[in-house]
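Colleague: I should like a close look at a single part of this model, together with what surrounds it. Please take the charged contacts as the point of departure and then relate them to the remaining features.

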Amino acid sequence: MTGQDLLTRSSLICNYLKKLDIYNKARSVSIYSDANNEVRTDGICRNALESGKSVYFPRVAGDTLTFHRIDIPEQLVPGAYGIAEPPSDCPAIDAANLDLIIVPGVAFDIEGGR
């Protein structure tokens, strides 16, 4: 896929997500920082922040993930594997308390498993 194809498809996915009830009703959303050929999430992040949602990104903490709130995308810094993540001093939340977690995926089974 070319860079332009990735941007076009990412925009389509972002626009589709913005129409979903589960997204619109969510008050707290976790978004991943894209890498390589993953769907670009900057549009989703901007929209969620502009919509007044609390936006969280995962942070690698040893062999687990923690989720930390950001107020602006510029808070993200290079982290594990060179992927952007929030600094550890950003407020954390238990994943069970998030309304929606958006994860990257290449392939899914019929039950939605990655």
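**Salt bridges and their surroundings**

Modeller: Arg46 and Asp42 are four residues apart in helix α3 (residues 42–50), so about one helical turn separates them. Within this predicted model, the two side chains form a salt bridge whose closest N and O atoms are 3.4 Å apart. Arg46 is partly exposed, since its relative accessibility is 44%. Asp42 is likewise partly exposed, with a relative accessibility of 44%.

This contact is one of four salt bridges in the structure. Another of them joins Arg59 to Glu85, with 3.0 Å between the closest N and O atoms. Here the pair links distant parts of the chain, as Arg59 lies in strand β2 and Glu85 in strand β5, 26 residues apart. Glu85 counts as buried because its relative accessibility is 7%, and the limit for a buried residue is under 20%.

A further salt bridge is made by the side chains of Arg40 and Asp34, at 3.4 Å from N to O. Both partners fall in the intermediate class of accessibility: Arg40 is partly exposed at 23%, and Asp34 is partly exposed at 25%.

A charged side chain also meets an aromatic ring. Lys53 lies over the face of Tyr23, at 4.7 Å from the ring centre. As for contacts between aromatic rings, the count of aromatic pairs is zero; a pair would require ring centres within 6.5 Å.

Strand β2, which holds Arg59 of the bridge to Glu85, also contains Tyr56. Tyr56 is buried, because its relative accessible area is 8%. The C-alpha atoms of Tyr56 and Thr8 are separated by 24 Å, and the two residues are 48 apart along the chain.

The strands of the Arg59–Glu85 bridge, β2 and β5, lead on to the pockets. The second largest pocket has a volume of about 400 Å³. Its lining comprises 21 residues, of which Tyr32, Pro58, Leu65, Ile83 and Pro104 are the closest to the centre. Strands β2 (54–61), β3 (64–70) and β5 (84–85) each supply at least two residues of this lining. The largest share, three residues, comes from β2. By residue type, the lining of the second largest pocket divides into 15 nonpolar, two polar and four charged residues.

The largest pocket encloses about 500 Å³ of space. Its lining also has 21 residues, and the closest to the centre are Ile13, Tyr32, Val39, Val103 and Gly105. Tyr32 is thus among the residues closest to the centre in the largest pocket and also in the second largest pocket. Helix α1 (3–17) and strand β7 (100–101) each supply at least two residues of the lining of the largest pocket. Of these elements, α1 gives the most, with five residues. The lining of the largest pocket consists of 17 nonpolar, two polar and two charged residues.

Two backbone positions complete the description. Most residues other than glycine have a negative phi. Asn36 has a positive phi of about 55° although it is not a glycine. Asn36 is found in the loop between β1 (28–30) and α3, the helix that carries the Arg46–Asp42 bridge. Asn36 is exposed, because its relative accessibility of 68% is over the 50% limit. Tyr81 is the other position, with a positive phi near 60° in a residue other than glycine. Tyr81 is found in the loop between β4 (77–78) and β5, the strand in which Glu85 lies. With a relative accessibility of 78%, Tyr81 counts as exposed, whereas Glu85 is buried at 7%.

Note on methods:
Residues numbered from 1 in each chain as written. Predicted model: local features only at pLDDT ≥ 70, side-chain atom pairs only at ≥ 80, totals over all residues. Heavy atoms only, no water. 1 Å grid on protein atoms, 1.4 Å probe; cavity = no way out; pocket = protein on both sides within 12 Å on 5 of 7 lines; lining within 4 Å. Points joined across faces, edges and corners; volume = space filled by probe spheres on them. Nonpolar A, V, L, I, M, F, W, Y, C, P; charged D, E, K, R; others polar. Phe/Tyr/Trp six-rings, centres within 6.5 Å; stacked < 30°, edge-to-face > 60°. Lys NZ or Arg CZ within 6 Å of the ring centre and 35° of its normal. Buried < 20%, exposed > 50% of the residue type's maximum accessible area, 1.4 Å probe, protein only.
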